[in-house]
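Q: I have a model open here and would like to go through it piece by piece. Can we start with a turn and work outwards?

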Amino acid sequence: MNIRKPLLVAFLGVGLVPAILLASLAFVKAREAVQAEIERNLTVQAAGIAEDVDKMMFERLQNAATWIRLDVMQDLQIRDVDKRRSRFLADLQLGYQDVYLNLSCADVQGQIISSSDAGQVGSLAESRPAWLKTVLSGAAVELELPGEADSRAAVMRAPITSMFTGEQLGSMRLKLDWSDIYDVLDQAAGSDRMLAILDAEGRLIAASRELRERGLLLGSELADWRTIAATQKTVTRQGAPIIDAELVVGAARSHGYAHFNGFGWTTLIMQPVDRALAPVHRMAWIFLVLLGVIVVVTVLVATWVSRAIAQPIVGLTAFTRGYMRSKVLQAPAAGSGEVGELTEAFVHMVRDIDLSQQNLVRASKLAVVGEMSSIIAHEVRTPLGILRSSAQMLQREAGISEEGHELVGFIESETERLNRLVSAMLDTARPRAPSYGDVDLHALIRQSIAMLAAQMAKKQVVVSESLLASNPVVECDEEQMTQVLLNLLMNGLQILGHGGRIDVASHDDGQYLYIEIADDGSFAIVTSTFTTPNQARWIAEMATNAAKCHPNMKWLETDEAQEDNVLSF
């Protein structure tokens, strides 16, 4: 499985699950808070409307209680038509504008003897049973129920008594504009709520426009809804017979105003659940949009992070697979951070393994070559020994000519050289541990020159010594260091022609001992710079590998003709 997939799933899980849980929790809590606020608002609004209606009724009742005590009303004792009183009532109606539809006074027989509408004077007042009765400021006031034919009017009756005899002179009739209450309810209802006022018997005496249009006025279909006011809580219930849906209903009981104790009316505010919870639904959409944004951002961030983490690991995996297929080391970009360090360490480890494997293969090959060399050397030594013994026996023969002695000497010397080569081959195949000791390099140089004296004489090569080192003693393997010096001198002999020259010099500076071997051939070999005693030990160990250079020993080849360093290592 690609590591990016579990990383992406993990990041999405870490990012989205808490976001979804927090968003869901926030939505639930916000929904509860909004719903509680809506319910509280309905209850508070119902109580406010009930108070406004009580205040409105109190003002009208107070007017009736005040007006029946005016002196002008005592003129009813005369029991005749009084234009002055009618003019007074007309002025009152005009002063209160649309509060009253009509103001009139009737005698005890019910005949209207004064009115704000002159056309009513002399007619009999329509008498209907009292709907509500109350006493305010010592005045007993009755209220007639609005009629079904004219639901916009309600008549208030207040008796007028004589200030002298105390007998009833008649009554004052105030025809109220009941639509004022409708206007209050319509304004509070707005476009998504319905309001209703129920009397003490459960009749719907006033309602907002939607309920009035449904023909529910003066009906008792909502009588049992008055119990909601007793709970002082907003409830959710089926909306029948108003609508076929659930309603959130808030209710408040009339408590009167000032000295008016109220009529015990119940104010209902109803709102369909879908309308009431519309803010919650809008909030739900907002939360869904925000959640969608969070999901998109989380996916983008998780994708980027997972790619940033997985990319170097995928590259490292591809590098490993490629190396396993082709054995080609093409290291990926390391990047930064812990993954970058891991990539560098892994690539370094693979390179070390590859190098170790190559060294192991090379060592295996060398081991095979060494074993074959030892076998061949062992087989070659026997005939070489026979040849050498035969040559030595021929040298003792008295009848051999001078030319024969020379040829036999060649056989003996060459077999000796071949024997040395075989020994060197065996030493290369089976290197021995170096044996360190204090060695006088001046003496070793002279000994090496003496060992090659015969070959130098044949080519007429002159060796010049300038051994000026004050302390030529170093700790090294004498035999291997001899091989180093012999290799350098032999290299000069091979390059030089007849009559050549080799210069051997030494000097020291207290820290380093310098040995320089130069010739006047096409190339000059110079070896220099090794210290006493430890660096010399490394050089002696190098001699077992064809006198290769060690970092503590510098080898320089100089082209004297151009007076320029050609190669240094």
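A: Gladly, and please keep in mind that this is a predicted model. A good place to begin is the hairpin of strand 5 and strand 6, where six residues lie between the strands and Gly 166 takes a positive phi near 80°.

Q: OK, and how many bridges hold strand 5 and strand 6 together?
A: Strand 5 and strand 6 are paired over nine bridges, and the pairing is in the antiparallel sense. Within that pair, Arg 157 stands opposite Arg 173 in strand 6.

Q: What's on the other side, I mean, how does strand 1 run relative to strand 6, parallel or antiparallel?
A: Strand 1 and strand 6 run antiparallel, and seven bridges join them. One of the facing pairs there is Asp 107 with Gly 170, the latter being its bridge partner in strand 6.

Q: Is strand 6 buried or exposed, then?
A: Eight of the 10 residues of strand 6 are buried, so this strand is largely enclosed by the rest of the structure. For the protein chain as a whole, buried residues make up 38% of the 569 residues.

Q: What order do the strands of this sheet come in?
A: The sheet is an open one made of six strands, in the order 2-1-6-5-4-3, with antiparallel pairing. Strand 2 (112–115) and strand 3 (132–136) are at the edges with a single partner strand each, so one side of each has no neighbour in the sheet. From one strand to the next, the twist averages 25°.

Q: And which helix packs on it?
A: Helix 2, residues 83–95, packs on the sheet and touches strand 1 (100–107), strand 2 and strand 6 (168–177), while its direction makes about 155° with that of strand 1.

Q: Back to strand 5 for a second: how does it pair with strand 4?
A: Strand 4 (residues 139–143) and strand 5 (residues 153–161) pair in the antiparallel sense over two bridges, and Glu 142 stands opposite Arg 157 in strand 5.

Q: Which residues other than glycine have a positive phi?
A: Two that can be named are Gln 97, with a positive phi of about 50°, and Ser 137, whose phi is near 55°. They deserve a look because most residues other than glycine have a negative phi.

Q: Where are they, and are they buried or exposed?
A: Gln 97 is in the loop between helix 2 and strand 1, and because its relative accessibility is 61%, it counts as exposed. Ser 137 sits in the loop between strand 3 and strand 4, and at 43% relative accessibility it counts as partly exposed.

Q: What about peptide bonds, where is there a cis one?
A: The bond from Ala 240 to Pro 241 is cis, with omega near 10°. Pro 241 lies in the loop between strand 9 (235–238) and strand 10 (246–253).

Q: New topic: at what angle do helix 10 and helix 12 pack?
A: Helix 10 (residues 441–451) and helix 12 (residues 478–495) pack at about 55°, with their axes 10 Å apart. The two helices are therefore oblique to each other, and helix 10 passes helix 12 in a right-handed crossing.

Q: Which residues meet there?
A: Among them are Leu 441, Leu 444 and Ile 445 in helix 10, which face a group in helix 12 that includes Met 481, Leu 485 and Leu 489. By class, this contact has nine nonpolar, three polar and one charged residues.

Notes: Residues numbered from 1 in each chain as written. Predicted model: local features only at pLDDT ≥ 70, side-chain atom pairs only at ≥ 80, totals over all residues. Heavy atoms only, no water. Axes fitted to C-alpha atoms, helices over the stretch in contact; angles between N-to-C directions. Helix = DSSP H or I, 4+ residues; strand = E, 2+ residues; numbered from the N terminus. Parallel < 35°, antiparallel > 145°, perpendicular 65-115°, else oblique. Left-handed = near helix turned anticlockwise from the far one by under 90°. Contact = heavy atoms within 4.5 Å. Nonpolar A, V, L, I, M, F, W, Y, C, P; charged D, E, K, R; others polar. Pairing = 2+ DSSP bridges. Buried < 20%, exposed > 50% of the residue type's maximum accessible area, 1.4 Å probe, protein only.
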